[in-house]
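Biologist: I've got the sequence and the picture open, and I'd like to go round it with you. Mind if I fire off some questions?

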Protein chains: 2
Amino acid sequence: MASKVKKLANGMEDTPRGRLLAAAAHLFRTKGFERTTVRDLAQEVGIQSGSIFHHFKSKEEILRCVMEEVIHFNTGRMREGLDKSAGPRDKLLALIRSELNSINGETGEAMAVLIYEWRCLTPESQEHILELRSHYEQLWLDTLKEAQQAGLIAPQRDLFVLRRLMAGAISWSHYWYKTDGEIKLDQLAHQALFLALHES
Amino acid sequence: MASKVKKLANGMEDTPRGRLLAAAAHLFRTKGFERTTVRDLAQEVGIQSGSIFHHFKSKEEILRCVMEEVIHFNTGRMREGLDKSAGPRDKLLALIRSELNSINGETGEAMAVLIYEWRCLTPESQEHILELRSHYEQLWLDTLKEAQQAGLIAPQRDLFVLRRLMAGAISWSHYWYKTDGEIKLDQLAHQALFLALHES
DNA sequence: GTCTATACGATGATAGAC
DNA sequence: GTCTATCATCGTATAGAC
């Protein structure tokens, strides 16, 4: 009766461990971390619950690994997008696209887990994940600063606050945005870019 | 050993039922709905776990009631703010202030519960709560439309999308905004207003 | 309206065979 | 690396006395 996860998220290889992580991203997103039992997880990949603990020493470790994988994958993709862009406006748009993609694309489930299952991590794990994210955030702030110096963003705007507001605006999209709806992701990216720009 | 909740959230009277709701808002926010046990809840208000079920028929009903209370309270406050404002710019700012206040003020814990414990509701409860929220959202859309017609918001912007982006930007503030930090809530409201306006 | 006592299922994790 | 079997614990909710 084990129903396989249709599509393995990027960054998760087709090994028992990778399959567990993909199933975990899916279940933690759908049911939440606490409501997902190790038995659910085992059933999803077609093994017995006891076998899970050969790959991970606890359920919480699975959660932490899901988060680590998705951060690594998306930080890489974001940097790729930045490298392909020229000029502050395009760079900013690339960041927005990249983040919208993280949240609404293949890694969406894992991203939602990263955001919404945060407090299920032990304090030690939280600290570790924060460390991983800090570099990612710095790239955003650098890009925003460049755009402001180029006059694209009004001088009276607080870039630290702007980044936070945009992070919220973008991540919230997972609640309402439908990939197969009327609005294309690229249109959404442009609408989100307006949030920052001085003159629309 | 029962540690009382310091301050009862607005809209929750000082009755056993009201005290339970206030404690629930606090615990559901801090530990999450699933991690909060009825024993935790009972301890917080100084009764035994069995006594809870005299006031609510299930743990889920407590969650639903917390959400209902906070929606009622904040919809009322939002309308008050609107009524005191004149002109589209002031109205929009009033909405932003009101929503920021809901999330970072006294009702912040209950609001966070409303947002982040959504899937812990039964489908029937979800439908019921959505109904309550729809009116609130309509007030936002009406105000945005007025502002766009007045030329405050660029004509190429999609107001439906804009509202969603702003909802995310504002609600996300609960993750990072500190009431006792450097930034005042009013400053934050102005920074958030920039997200919508044509010319900053 | 609160108490005590408890039913009873589900849970994360372990042990040891294969 | 997976299985089976099981442990110890904790979960919501109920029953009936006070």
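**Around the structure, piece by piece**

Biologist: Let's begin inside chain B. Leaving aside neighbours within four places in sequence, which residues is B:Ala24 in contact with?

Modeller: Keep in mind that this is a predicted model. Once the neighbours within four places in sequence are set aside, the contacts of B:Ala24 are B:Leu41, B:Ile62 and B:Val66.

Biologist: Which residues touch the most other members of the largest nonpolar core?

Modeller: In soluble globular proteins, nonpolar side chains tend to be buried together. Here the largest nonpolar core holds 97 residues. Those touching the most other members are A:Ala24, A:Val66, A:Ala169, B:Ala24, B:Val66 and B:Ala169.

Biologist: B:Leu41 came up a moment ago. Which residues of helix α2 of chain B are buried, and where do they fall around the helix?

Modeller: Helix α2 of chain B covers residues 38-45, and its buried residues are B:Leu41, B:Glu44 and B:Val45. Seen down the axis of α2(B), these fall within an arc of 85°, so they line one face of the helix.

Biologist: What do the buried residues of α2(B) pack against?

Modeller: The partners are two helices of chain B. One spans 16-31 and the other 52-55, and they are α1 and α3.

Biologist: What phi does B:Gly46 take?

Modeller: B:Gly46 comes just after α2(B). Its phi is positive, at about 80°.

Biologist: On to the DNA. Which residues are closest to DNA strand C?

Modeller: DNA strand C is surrounded by 14 residues. By type, the surface near DNA strand C has 4 nonpolar, 8 polar and 2 charged residues. The closest to the strand are A:Thr37, A:Gly50, B:Ile47, B:Gln48 and B:Gly50.

Biologist: And which ones come nearest to DNA strand D?

Modeller: There are 14 residues around DNA strand D. The surface near DNA strand D divides into 4 nonpolar, 8 polar and 2 charged residues. Coming nearest are A:Ile47, A:Gln48, A:Gly50, B:Thr37 and B:Gly50.

Biologist: How do the two protein chains meet, and which helix gives the most to the side of chain A that touches chain B?

Modeller: The contact involves 29 residues of chain A and 29 residues of chain B. On the chain A side, α8 (159-176) and α9 (185-194) each supply at least two residues. With 11 residues, the one that gives the most is α8(A).

Biologist: What types of residue make up that side of chain A?

Modeller: Sorted by type, the residues of chain A that touch chain B come out as 14 nonpolar, 8 polar and 7 charged. Also, 100% of the interface residues of chain A are interface residues in chain B too, so the copies meet through the same surface.

Biologist: What kind of axis relates chain A to chain B?

Modeller: Two copies of a chain are related by a rotation about an axis and a shift along it. Chain A is superposed on chain B by a rotation of 180° with 0.0 Å of shift along the axis, and the RMSD is 0.0 Å. That relation is the one of a two-fold axis.

Biologist: Is A:Trp140 buried, partly exposed or exposed?

Modeller: A:Trp140 sits in helix α7 (residues 123-149) of chain A. Not counting residues up to four places away in sequence, A:Trp140 touches A:Leu95 and A:Arg163. Buried would take 20 or more C-beta neighbours. A:Trp140 has 19 inside 10 Å, so the label is partly exposed.

Biologist: How far apart in space are A:Pro155 and A:His198?

Modeller: A:Pro155 belongs to the loop between α7 and α8 of chain A, while A:His198 is in the segment after α9. They are 43 residues apart in sequence. C-alpha to C-alpha, the separation in space is 9.0 Å.

Biologist: Last one: is A:Glu80 buried or exposed?

Modeller: A:Glu80 is found in helix α4 (residues 59-83) of chain A. Its C-alpha atom is separated by 9.3 Å from that of A:Ala94, which is 14 residues away along the chain. With 12 other C-beta atoms within 10 Å, A:Glu80 is exposed.

How values were computed:
Residues are numbered from 1 along each chain as its sequence is written. Chains are lettered from A and ligands numbered from 1 in the order in which they are written. This is a predicted model: local features need pLDDT of at least 70, side-chain atom pairs count only at pLDDT 80 or more; totals for chains, interfaces and linings use all residues. A residue is near a molecule or strand if its C-beta atom, placed from the backbone, lies within 6 Å of it. Ala, Val, Leu, Ile, Met, Phe, Trp, Tyr, Cys and Pro count as nonpolar, Asp, Glu, Lys and Arg as charged, and the others, Gly among them, as polar. Helices (H or I, at least four residues) and strands (E, at least two) are DSSP runs, numbered from the N terminus. The arc is that of the directions from the helix axis to the C-beta atoms. Two residues are in contact if their C-beta atoms, placed from the backbone, lie within 7 Å. Copies are superposed by least squares on the C-alpha atoms of residues with pLDDT of at least 70 in both. A nonpolar core is a set of buried Ala, Val, Leu, Ile, Met, Phe, Trp, Tyr and Cys residues joined through C-beta atoms within 7 Å.
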